[in-house]
Every structure is written in C-alpha cells, then in structure tokens.
Amino acid sequence: EEGKMALARSLALGRHRPLSGVFGHLVHAREEHTAVPDFSNYKRPNSGVPEGDYSRRAFTYALTAGGIVVGAHTAKNIVQDFLATMSASADVLALAKIEVDLNAIPEGKSVTFKWRGKPLFIRHRPDDEIAAVRSVDTNSLRDPQSDEVRVKDAKWLIVLGICTHLGCVPIANAGDFGGYYCPCHGSHYDASGRIRQGPAPLNLEVPPYEFIEGGKLLVG
C-alpha cells in the first residue's frame, strides 16, 4: 500500500513518467524535437496593434461621411436646377403678353405675330366678310360656334395660327371659305377661324385678349 501511495504522489508531482522502455523513449524524443511553424511572414505589418485598427476605422468613417456630403450636395443641386426650370425666366415673362397697334393693320389684311412661341393671327375684317360668317347656320358646323362668341369686336378676329389637326400653320386668305387653309392635310377655315372642311376637329383657338386705349390690342 505504501508503494502505491508513493507512486501516486510521484505522478501528481510530475516526477515519474508512466511510459518506459523504447516506446517511452520515442514519445519523449517526439516531444523534444517537434517544431512549431513560423507564421510571422503571413501577418500584416500592424496586425494586432490597436493604433493601426483605429486608423483603418477612421479612414472608413471619413470616406463614408465624405460620400454622404457629396451625395447631399449633388441632390441639392439637382433640386435647385429642377425648380429653376419650373419658374419662368425673364424673357418668357416678357412674352407672356403682347401689345399690338391695330392702327397699323389695314382692313382686309391678316397679320401674323409671335406670341408665347406660337403664331398669332390678327385679321381686320371688312363688312362683307363679317356678314358672310354670321350668315352661316352653326348647326351645320363640325365645331358649332357663332361668330359673335368668337370675337369681341366684329372688325377684328384674333386666333392662334395652329391647325387643330396636327399643329401645322395655316395660310391666311386661302381655302374654299376665304379664311385660312392648311395645305398639310387640307383643312379649310372660314374668316371666323371655324373649321368648315377637312380633317381638323376643332376651330382655331381664340386666345385671351382685350382692347386697350389708343387703338391697341393686348393679348395674354
């Protein structure tokens, strides 16, 4: 019993190896000569160093913040440009209204002006032309309108020179009804700007206008 207790104490203190003989010698040699690989060449220069880790994080944060700032600035410029295009410029506002001296247009003539980028027809009608357009039965018209509702003064017809078919510009004092004629597809308008023949579905548009002092017309 004393021998067994002595052996147990020896094992606990590491003083005695349970292996002996040739096998024990091989195990002992293996433990002494086993080499641990060197991985130092595969390590990054500052691997494990807190300062390097913080530097990389700071760079990432700075790059992200810079991208956000640039993106916000770009978005602001896009919105500003869009709002600028939506607001009318000075030259557009200047053309929003046009003043015409009617004293310069002789009777029987139709003169073309440019208003808001569109042709504007102003026609000084003689008495026979007025009588002819007012004698037409409006029920026979494709777009029924009396001449009285299309003019404020019987002497003056003011319409946009855009054919209501495909947007062409009609020719004044032409066509089968003595008003306007669109040669593109053969639409005929009378001296009240009403469609009388051809594919156009509607009469020529009457823009907003008013007569002002001095024999002048203000359109717009």
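**Strands, a helix and two cores**

Modeller: Strand β6 (residues 178–182) runs antiparallel to strand β7 (residues 187–190), and four bridges join the two. These assignments come from a predicted model.

Biologist: What makes β6 and β7 a pair?

Modeller: Two strands count as paired when there are at least two bridges between them, and since β6 and β7 are joined by four bridges, the criterion is met. Within this pairing, Y181 stands opposite H188 in β7. Both strands belong to an open sheet of four strands in the order β5-β6-β7-β8, with antiparallel pairing.

Biologist: Which strands are called edge strands in the sheet, and what makes them so?

Modeller: The edge strands are β5 (171–172) and β8 (195–197), each of which pairs on one side only.

Biologist: How do you know that β3 and β4 pair?

Modeller: Strand β3 (residues 118–124) and β4 share five bridges in the antiparallel sense, and because at least two are required, they qualify as a pair. One place to look is H124, whose bridge partner in β4 is W156. The two strands lie in an open, antiparallel sheet of three strands with the order β2-β3-β4. Its edge strands are β2 (110–115) and β4 (156–160), each pairing on one side only, and neighbouring strands of this sheet are turned by 20° against each other on average, direction ignored.

Biologist: Which residues of helix α5 are called buried, and what cut-off makes them so?

Modeller: In α5 (residues 127–134) they are E129, I130 and V133, and buried means a relative accessible area under 20%. These three cover an arc of only 100° around the axis, and therefore they lie on the same side of α5. On the other side of α5, D127 and D128 are exposed, a term that requires over 50%.

Biologist: What covers the buried residues of α5?

Modeller: The cover includes β3, α6 (147–150), β6 and β7.

Biologist: Which members of the largest nonpolar core touch the most other members?

Modeller: Of its 13 residues, these are V100, L102, L120, I122, I158, L217 and V219. Two or more residues each come from β1 (98–101), β3, β4 and β10 (216–219), and β4 gives the largest share, three residues.

Biologist: What is V100 in contact with, leaving aside its neighbours within four places in sequence?

Modeller: V100 is in contact with I105, F113, I122, G215, K216 and L217, where contact requires heavy atoms within 4.5 Å. There is also a second, separate core of 12 residues, among them F121, L157, I195 and A200.

Key. Residues are numbered from 1 along each chain as its sequence is written. This is a predicted model: local features need pLDDT of at least 70, side-chain atom pairs count only at pLDDT 80 or more; totals for chains, interfaces and linings use all residues. Side-chain values use heavy atoms; hydrogens and water are left out. Axes are lines fitted to C-alpha atoms, for helices over the stretch in contact, and angles run from 0 to 180 degrees between N-to-C directions. Buried means under 20% relative accessible area, exposed over 50%, partly exposed in between (1.4 Å probe, protein chains only). The arc is that of the directions from the helix axis to the C-beta atoms. A nonpolar core is a set of buried Ala, Val, Leu, Ile, Met, Phe, Trp, Tyr and Cys residues joined through side-chain atoms within 4.5 Å.
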